[in-house]
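Hi,

Here's the structure I said I'd pass on to you. Have a look at it first, and then read my notes underneath.

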Amino acid sequence: MPETARRTDRPTGMRYGNRPTMKDVAARAGVGLKTVSRVVNGEPGVTPETERRVQDAIDALGFRRNDSARVLRKGRTASIGLILEDLADPFYGPLSRAVEEVARAHGALLINGSSAEDPDREQELALALCARRVDGLVVIPAGDDHRYLEPEIKAGVAVVFVDRPAGKIDADVVLSDNYGGARDGVAHLIAHGHRRIGFIGDMPRIHTAAERLRGYRAAMEDAGIPVADSWMSLGVTDPQRVRRAAEQMLSGPDPVTAVFTGNNRVTVTVIRVLAERSRPVALVGFDDIELADLLRPGVTVIAQDPATIGRTAAERLFRQLDGTLVVPERIDVPTRLIARGSGELPPAD
């Protein structure tokens with residue numbers, strides 16, 4: 001039979017979507033339901049010959065144990081949800097992996113979803129996961145009002161927020177030190193002689209963007225440098241918007257000599273803008289980016305630790321589920337400055 005015409009054999013009378021049950025296994029093996037249950041769950045009291053017949057029936061039918069029903073009887077579903085901002089953002093890859101590793105160590109399944117930075121979509125996804133009876137949620141919040149989760153939390157769902165605090169409820173949150181990292185990055189540029197330093201960041205309503213702007217302002221104030229309004233630009237991270245902001249800062253009679261970028265997406269666009277200019281401009285970016293060390297000069301960054309953030313959040317989630325955590329806490333994970341060359345360029349004038 002040609003490969004394209006080959007079809008998977010299925011037991012007679014069985015349709016797609018109808019999974020074989022223990023009753024089907026019992027009928028095929030000629031035993032009772034209790035015997036099948038004992039074999040499936042590894043319990044004693046079954047002869048080797050009977051166990052072989054049951055196992056043959058399981059293999060023939062493609063039967064799989066219904067873990068959902070089993071764990072529901074115990075009051076836990078052995079699954080947790082992770083709501084991210086954007087699954088394509090490289091920051092969330094190691095974070096998600098770390099959450100998954102902790103979940104796996106606790107015998108739980110991780111279900112991922114993306115809010116796409118939409119508060120309504122975040123709420124819809126969170127409640128859909130709760131309706132499917134996940135044991136807990138790790139949430140990167142898109143909205144600023146999470147009172148919709150209060151009934152779920154009271155019902156026993158564990159919740160930990162990541163990257164940004166919850167809005168209008170008390171809950172565990174694990175964050176990067178956004179303020180301190182931004183302050184260190186701008187101070188690094190100041191230490192290399194820069195006074196006209198631009199800041200290009202994300203939407204001001206986002207906690208991380210606001211904290212990084214605050215760190216920028218603090219570093220400039222510490223150095224006694226007044227900040228011109230034209231040196232700051234916050235908004236969507238769309239490349240066209242970021243490009244306009246960078247070009248405006250780099251133009252005119254007193255252009256900035258250095259730029260501090262508020263996240264990895266902004267940094268990538270600013271790198272492209274700077275590559276088109278003959279005059280060197282210093283750059284420090286918040287978030288590391290792929291191949292940053294291979295560019296010339298290499299890109300100096302304030303690196304976050306998404307794996308530690310994800311692992312810490314997941315561990316706190318399971319401690320909530322175990323009943324060992326009661327009072328919500330805020331945990332700030334340190335950042336580190338990686339000097340690669342772009343942040344060490346001196347002012348051109």
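Below is what turned up when I went through it. One thing to keep in mind: this is a predicted model.

**The cavity**

Let's start inside. How many cavities of 30 Å³ or more does a search of the whole structure find? Just one, and its volume comes out at about 170 Å³. The lining is made up of 17 residues, and those closest to the cavity's centre are Thr-208, Arg-212, Asn-263, Arg-265 and Asp-287. If you want to find the spot by its secondary structure, go to helix H9 (207-222) and helix H11 (264-275), since each of them supplies at least two lining residues. H9 has the largest share, with three residues. As for the character of the lining, I get eight charged residues, five polar and four nonpolar.

**A pocket worth a click**

Next, have a look at the second largest pocket, which holds about 320 Å³ of space. Which residues lie nearest its centre? They are Ile-153, Asp-170, Gln-320, Val-326 and Pro-328, out of 15 that line this pocket. Helix H7 (150-154) and strand E4 (158-162) are the elements giving two or more residues to the lining, and the largest share, three residues, comes from H7. Here the lining splits into ten nonpolar residues, four charged and one polar.

**Two helices that cross**

Towards the start of the numbering, take a look at helix H2 (residues 33-40) and helix H3 (residues 48-61). Their axes are 10 Å apart and the packing angle is about 85 degrees. Angles of 65 to 115 degrees count as roughly perpendicular, so that is how H2 and H3 sit relative to each other. On the H2 side the contact is made by Thr-35, Val-36, Val-39 and Val-40, while H3 brings Thr-50, Glu-51, Val-54, Gln-55 and Ile-58. Sorted by class, this contact has five nonpolar residues, three polar and one charged.

**Aromatic pairs**

The structure holds three aromatic pairs. One of them is Phe-199 with Phe-260: the rings are stacked, 6.0 Å centre to centre, with 20 degrees between the planes. This pair links distant parts of the chain, with Phe-199 in strand E6 (residues 197-201) and Phe-260 in strand E8 (residues 258-261), 61 residues apart.

**Two backbone details**

Last, a couple of places to check in the loops. Where is there a cis peptide bond? Between Arg-296 and Pro-297, with omega at about -5 degrees. You'll find Pro-297 in the loop between strand E9 (282-286) and strand E10 (300-303).

The other place is Arg-133. Its phi is near 65 degrees, a positive value in a residue other than glycine. Arg-133 is in a loop too, the one between helix H6 (119-131) and strand E3 (136-139).

That's my list. Shout if anything is unclear when you open it up.

Cheers

Notes. Residues numbered from 1 in each chain as written. Predicted model: local features only at pLDDT ≥ 70, side-chain atom pairs only at ≥ 80, totals over all residues. Heavy atoms only, no water. 1 Å grid on protein atoms, 1.4 Å probe; cavity = no way out; pocket = protein on both sides within 12 Å on 5 of 7 lines; lining within 4 Å. Points joined across faces, edges and corners; volume = space filled by probe spheres on them. Helix = DSSP H or I, 4+ residues; strand = E, 2+ residues; numbered from the N terminus. Nonpolar A, V, L, I, M, F, W, Y, C, P; charged D, E, K, R; others polar. Axes fitted to C-alpha atoms, helices over the stretch in contact; angles between N-to-C directions. Parallel < 35°, antiparallel > 145°, perpendicular 65-115°, else oblique. Contact = heavy atoms within 4.5 Å. Phe/Tyr/Trp six-rings, centres within 6.5 Å; stacked < 30°, edge-to-face > 60°.
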